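Here are my notes for you, as someone new to this structure. Have a look at the picture and then go through the points in order.

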Amino acid sequence: MHQNLRDAYDILFSDAVERYNARQKRNDRRIPDYFHHLFSREPSASVITGTNKQKSFYEDLVQIGTKDDTGVGTPDSEIAIACLREYMEGFSERNPNFYVFNAVMHLDEATPHLHIDYIPVGHFSNGLDTRNAMAKALEEMGYGKGANAINRWRLTEWEILHQICKAHGVEIAEPKKSRGYSYTTEEYGEHQDRIRQLEEEKAQIITEKEEINAALEKAAKKHVKLKGIDSVVTGKTVFGGKITVSKEDWENVTALAKKEVISQKQTKKLCRERDEAIQERNALKARLDAVSSELADYKKKEDRRHFSRDKLKAESKRISREEELSRELKKVKAFISACGLSSDYQQFRYNSTIKSKNLE
């Protein structure tokens, strides 16, 4: 599926913007265009990050295996494709606050992988009642508040993908160590951007080296040697022992001298340009080494960020326990309300809070 980002924003937020603008008495408080209001520019195929780090949309990449085990065209790649399709079919139902406007399966690269582009939608009681809001969307879907909400969501999605693959006979172990893993396009894109940058700088260095060699070769060809001057026939006059040459020979000598002067100037210029190019090349090599080191460090950090299977199971179990306690709390509150004890319960909570503050 594919939908224009502008159309997606209109579907999601245009009614909310109309309701908001209708309540405003001052024109300067009205929102003419919600996307421009957030990002001060027109929609783009690439993710735009606003001043408050809000993103125009989120893009996740889901991949099963590597080119070594699920490469495109292999029997296992067909299993991976089936798993990815099943995973995508339930994505919107599992995540009602993530509006998917683009979902594409790539089969023209080394390994089948799925791109999912979505806009997080949150609902509010004040101001604009429907907004692009990741934290609120996660909270409404039951993943709680705070920085760990996105990690709880990712763990849940990983477990779902794990179960789908298991049903197809594929066992997902630790990321980057076995056949299955998933990660965001943001993380994947950082690696690809670094690789592209390194390749571009390498190509630039090679091009400049070739240009320098060509310039030096050209200078060598233009360098005029004055061997021809030695072959000029000369004679002495009877007056003062001065050397005489014919007019034709003199013109040849003059032409050779002029060419030599021009050649020397061109050679100096080319040598200067060569030295500058070599310095620039060395600077690029230094940058290349720095970027390579940074890329290696990033990969090490990325590997350390992945969860082991045991940690994933423990975290999933903890989340399930929290959800169970939350359901029990709702039942208790419902029982208190049914017994007509809501006011007593509120008074009890208030007294407990006062006592706690006094103890502090």
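1. First, a term: a contact means heavy atoms within 4.5 Å. Among contacts in the protein chain with a separation of 6 or more, residues 24 or more positions apart account for 62%.

2. Some ground rules before you read on. This is a predicted model, in which local features need pLDDT of at least 70 and side-chain atom pairs count only at pLDDT 80 or more, while totals for chains, interfaces and linings use all residues. Residues are numbered from 1 along each chain as its sequence is written, and side-chain values use heavy atoms, with hydrogens and water left out.

3. Now the overall picture. The protein chain has 11 helices and seven strands; these are DSSP runs numbered from the N terminus, with at least four residues for a helix (H or I) and at least two for a strand (E). Of its 360 residues, 31% count as buried. Buried means under 20% relative accessible area, exposed means over 50%, and partly exposed is in between (1.4 Å probe, protein chains only). The accessible surface comes to about 23600 Å², and 52% of that belongs to carbon and sulfur atoms. Those areas come from the Shrake-Rupley method with a 1.4 Å probe, and for residues only the protein chains shown count as cover.

4. Helix H1 covers residues 5-22. Its 18 residues reach 25 Å from first C-alpha to last, close to the 26 Å expected at 1.5 Å a residue (the expected span is 1.5 Å times one less than the number of residues). Where is the kink in H1 centred? On Phe 13, with an angle of about 50°; the bend at a residue is the angle between axes fitted to the seven residues ending there and the seven starting there.

5. What does H1 pack against? Its buried residues, including Leu 5, Leu 12, Phe 13 and Tyr 20, pack against H2, strand E2 (98-106), strand E3 (113-123) and strand E4 (130-132). Asp 10, also in H1, counts as partly exposed because its relative accessibility is 37%. The C-alpha atoms of Asp 10 and Asp 33 are separated by 9.3 Å, with their positions 23 residues apart along the chain.

6. E3 deserves a closer look. Of its 11 residues, 10 are buried, so E3 is largely enclosed by the rest of the structure. E3 pairs with E1 in the antiparallel sense over six bridges; two strands pair if DSSP finds at least two bridges between them. In that pairing, Gln 63 stands opposite His 113 in E3.

7. E3 has further partners. E2 and E3 pair antiparallel over eight bridges, and they form a hairpin with six residues between them. Val 100 stands opposite Tyr 118 in E3. E3 and E4 also run antiparallel, joined by three bridges. Their hairpin has six residues between the strands, and there Gly 127 takes a positive phi near 65°.

8. Last, two residues to check in the loop between H2 (34-39) and E1 (58-63), where Ser 40 is placed and Lys 53 too. Ser 40 has a phi near 55°, a positive value in a residue other than glycine. Lys 53 is not a glycine either, and its phi is positive at about 70°. Are they buried or exposed? Ser 40 counts as exposed because its relative accessibility is 56%, and Lys 53 counts as exposed at 70%.
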